[in-house]
Amino acid sequence: MAYKISDECINCGACESECPSEAISEADGKRTIDAEKCVSCGSCASACPVGAISEE
């Protein structure tokens, strides 16, 4: 199951650098996760300082 980023995201980029499958990108000042690339490892959720990432 893929992860998703909520509106609580502060766009710090910590999650993007931790993603081993390069599923996270930035668009319009917000980070998003490509569900097809996400391998559900949870690295992004662990790296998020505000807890804005969770499983879908």
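This is a short walk through one hairpin, the cysteines, two cavities and a serine in this structure.

Okay, a bit of housekeeping. It's a predicted model, so bear in mind that local features need pLDDT of at least 70 and side-chain atom pairs count only at pLDDT 80 or more, while totals for chains, interfaces and linings use all residues. Residues are numbered from 1 along each chain as its sequence is written, and side-chain values use heavy atoms, with hydrogens and water left out.

Let's start with the hairpin. Strand S2 covers residues 24–27 and strand S3 covers residues 30–33, and they pair antiparallel over four bridges. Strands here are DSSP runs of E, at least two residues, and helices are runs of H or I, at least four, numbered from the N terminus; two strands pair if DSSP finds at least two bridges between them. Ile24 has Ile33 in S3 as its bridge partner. Two residues sit between the strands, and Asp28 in that turn has a positive phi of about 55 degrees.

Now, the cysteines. How many disulfides does the structure hold? Zero, taking a disulfide as two cysteine sulfur atoms within 2.5 Å. Take Cys38: it's in no disulfide, and the nearest cysteine sulfur, in Cys44, is 6.1 Å away. Looking from Cys44, the closest cysteine sulfur is that of Cys38, and 6.1 Å is too far for a bond. Are these two buried or exposed? Cys38 counts as buried because its relative accessibility is 17%, and Cys44 is buried too, at 7%. Buried means under 20% relative accessible area, exposed over 50%, and partly exposed in between, with a 1.4 Å probe and protein chains only.

On to the cavities, meaning sets of points on a 1 Å grid over the protein atoms alone where a 1.4 Å probe fits but cannot get out; lining residues have an atom within 4 Å of a point. There are two of 30 Å³ or more, with volume being the space filled by probe spheres set on the points, which are joined across faces, edges and corners. The largest is about 80 Å³. Its lining has 13 residues, with Cys9, Cys12, Cys15, Cys48 and Ile53 nearest the centre. The second largest holds about 70 Å³. Cys38 and Cys44 turn up again here, among the residues closest to its centre.

Last stop, Ser43, in helix H2, residues 43–47. Ser43 is partly exposed, because its relative accessibility is 27%. Leaving out residues up to four places away in sequence, Ser43 touches Glu18 and Pro20, where contact means heavy atoms within 4.5 Å.

Definitions and conventions
1 Å grid on protein atoms, 1.4 Å probe; cavity = no way out; pocket = protein on both sides within 12 Å on 5 of 7 lines; lining within 4 Å.
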